[in-house]
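These are my notebook entries from one sitting with the sequence and the coordinates side by side. I kept them in the order in which I looked things up.

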Amino acid sequence: MDDLVLKVVARVIIPFIQVYGLYVVLHGHLSPGGGFAGGVILAGGFILYALAYGRPALDSLLPDRLAALLESGGVLWYTGLGLVGLLTGSAFLANARAGFPLGVPGRLFSGGIVFLLNLGIGLKVAATISTLFRNLQEEE
Amino acid sequence: MTTHLVVLPILVLLVAALILPLVREPRRASLIGVSALAAAFLLWLALAFLVMRQGAISYHLGGWPPPVGIEVIADKLAVFFGLTVFLVAIPTAVFAGVDMPAEAPEPALSSFWTLYLLLVLSLLGLAQAGDLFNMYVFLEISSLAACALVAVVNRPANVEAAFKYLLLSTVGSGCVLLAIALLYMITGQLNLAFLARELEHQAPLYPKNVIGAGTFLLVGLGVKAAIFPLHTWLPDAHASAPSPASALLSGLVVKVYVVVMVRIVWGTLGRAFFTLLPFKSVLLLLATISIFLASILAMAQTDLKRMLAYSTVAQMGYIFLGLAAGSRTAFAGAILHIFNHALLKGALFLAAGAVIWRTGRRRLAELVGVGHTCPLTLSFFAIAALGMVGIPGTSGFVSKWFLLVGMLQQSSPLLAWVVLISSLLNAAYYFPVIILGFFGHGTDNELRFHLDRIPPELLLPAGSLALVSLFFGLWPSFPLHLAQDIAHDFFL
Amino acid sequence: MQNLEYIAAMLLYVTGLGIMLFHSNLIKKIIGMNIMETAVFLIFIAAGYVRGGQPPIALPGEPLLLPVNPLPQALILTGLVVSVSITAYALALLREIYRHFGTLDAAEIARRKGELT
């Protein structure tokens, strides 16, 4: 598919999609949204990129290996953060009790572990959804 | 004091399952898989020891106490089922290390191990879940991983069976979620203990919600546990899956939904529930039909693994029969049968897998005389098959005995007949395989006896499962006492 | 008219189940499955709805008058995630089924499978 309109429109809106996706991921502890919702929006940007510029372009941007790394890494990051609570003597996935700084309520860097967890989930979901799309699209 | 042992086995398996997709060599994938299972098993043994000594442990994720936080429970039911899981999953994993490279293409191997570990951890999670939210999540992980294991081998029959399985189990999950919604509407709780407390007041006020929830639970878990009208997916899926996956699916996965049912229906919904709707009678009827229909269909099969799959449907019928019979002894028998059948069916599928690996044949007609080429494997098969029939001395005898005694105590001889007559039916389809295997003359007229030319990694798992089940048939006190304790805790 | 959303959800549920059971095209079965799941999600969300409720996010200086329990939403979000992965997996299986059997019609597939064995 080689369509000029699609390419130009994609070039204009993809940055906005990505920024919005990041916003939703990073503000998961402050407003509705979070890792999954934001990750899907991020992946939406990748999918649009693949549709407008073709599969090879996406493959060079997000190689299979990197996607697999992000997918596993996202959950490993989550588990690792959970284990911090275990090591500091409280419970798995403990937040303030495990020593995560809570910050000032309402600011971006607050919520302790929640902020970090959302980050991992966001990356994982973005990688997973784009991999799903890629695997299903392969046939062409 | 919280003890982290409750969550550690699941975490070990999770981390290993996530590292596996990054490993490129299949040889190392199976090594990681088996060692992760072994590590988790050791942790689980420590947990089991702790639970036996000081009773049930409740773990609060993140330190948040229950109605707000997530509760993970390690009680006797969880420990019992977890031990069953590891006893079957570890030999099966050893078997898979040699068998899978022969069955699946190389790129599929690492995903096989990821799915295998995810499936095992979801079974542990389901047994330990203390609230409906977690239960639903693990329910979905288990059904997705199970479906995916069927289709790891990309053959037409597998893909088709996996699709059928996926559709039906999604309907099942939908029904379970609907039941959760109906319960949440009237109680506002998802934690099992709080829900049970709240339900005592609310059930008389909103009987329709409770009746709806019960019906949807029965249908939802019934699909997944393959009870009579909802069993149609099982023979296709379990017969076409690669042999180690069949052992896991038939031995463990269908049974975890019984554990879930015991926890929700008997442990939470309680007495009010049984007075509101004829749950037990319906279960009894369906279980009886399951037993007879599946046994008769098993006799009609021409494929070895398909026959074993139908036998699973029949054996699930026994478990439901024991749960619903209304006697504490039969309840304990049903719980014990979960353990025994898991070991026996695991042994049967692994032995069948080893025979298929050696001869490449799986039609019953072609397996005549197979005892001449694989005498040891067929002996293990025979031990497990005798256990299925319930010959004294095997573990199947103990659980069937408790079912029978329970039913006679309940003065329902009709149900006792169901167990006895269906045992005859079991014999009718298992014995021909063994007798013809050892004494029949095969097509290739290979009459000379020689020991199995099968690698020990295939032979030992099948053998160890068969011998362990034989051990627990002769000295059943450990699982039996555990099952009786569980019956004491949950029976209503 | 209070329980309108439940009636709508049940209609959706039955529609989805009907499509799943009675259509022989496998893609339509997946669509039916999705409609059915959506109906269950709708019931759960409707059960958790509070008229005039606020999101349960406590910010300094803004008192929470009527915070809504976020549990149903959280559970349904999980359900959505599961639904996405099941749909993706089902579609991947369908692609392989089409490659093996050359059709997506359930009856036709059953016939060809009979020929195979």
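Entry 1, the end of a helix. I began at B:G390, which takes a positive phi of about 95 degrees just after α14(B). For the labels, I take helices (H or I, at least four residues) and strands (E, at least two) as DSSP runs, numbered from the N terminus.

Entry 2, conventions. I note that this is a predicted model, in which local features need pLDDT of at least 70 and side-chain atom pairs count only at pLDDT 80 or more, while totals for chains, interfaces and linings use all residues. Residues are numbered from 1 along each chain as its sequence is written, and chains are lettered from A and ligands numbered from 1 in the order in which they are written.

Entry 3, α14(B) itself. The helix covers residues 375-389 of chain B, and I read a reach of 21 Å from its first C-alpha to its last, close to the 21 Å expected at 1.5 Å a residue; that expected span is 1.5 Å times one less than the number of residues. I then looked up burial, where a residue is buried if 20 or more other C-beta atoms lie within 10 Å of its own, exposed if 12 or fewer, and partly exposed in between, with C-beta atoms placed from the backbone. By that rule α14(B) is mostly covered, with 12 of its 15 residues buried; among them are B:T377, B:F380, B:F381 and B:M388. The cover over these buried residues includes α12 (304-324), α13 (328-359), α15 (395-409), α16 (413-439) and α17 (456-474) of chain B, where contact means that the C-beta atoms of two residues, placed from the backbone, lie within 7 Å.

Entry 4, one residue of that helix. I picked B:A382, which sits in α14 of chain B and counts as buried because it has 21 C-beta neighbours inside 10 Å. Its C-alpha lies 9.0 Å from that of B:A466, although the two are 84 residues apart in sequence.

Entry 5, the end of α18. I also followed B:F490, whose place is in helix α18 (residues 477-490) of chain B. Is B:F490 buried or exposed? B:F490 has 20 other C-beta atoms within 10 Å and is therefore buried. Setting aside neighbours within four places in sequence, I find B:F490 in contact with B:L77, B:V262, B:W266 and B:G267. Of these, B:W266 is 224 residues away in sequence but 5.9 Å away in space, C-alpha to C-alpha.

Entry 6, chain B as a whole. I count 18 helices and two strands in its secondary structure. Its radius of gyration is 22 Å, which agrees with the value near 23 Å for a compact globule of 492 residues; the radius is taken over C-alpha atoms, and the globule rule is 2.2 Å times the number of residues to the power 0.38. The C-alpha trace spans about 70 × 55 × 45 Å along its principal axes, and buried residues make up 63% of the chain. Of the contacts with a separation of 6 or more, 80% join residues 24 or more positions apart.

Entry 7, chain C against chain B. Here 23 residues of chain B are in contact with 26 residues of chain C. On the side of chain B, the largest share, 15 residues, comes from α6(B). From the side of chain C, I looked at α1(C) (residues 4-22), whose buried residues are C:A9, C:Y13, C:G16 and C:M20. Seen down the helix axis, these buried residues fall within an arc of 70 degrees, so they line one face; the arc is that of the directions from the helix axis to the C-beta atoms. They pack against α6 (156-187) of chain B together with α2 (26-47) of chain C, whereas C:L4, C:I7, C:L11, C:L21 and C:F22, on the other side, are exposed.

Entry 8, confidence. I checked pLDDT, the predictor's confidence in each residue, from 0 to 100. Chain C averages 86, with 97% of the residues scoring at least 70, and among its elements α4 (residues 106-116) has the lowest mean, 79, and α2(C) the highest, 91. For the complex, the predictor gives an ipTM of 0.92 and a pTM of 0.93.
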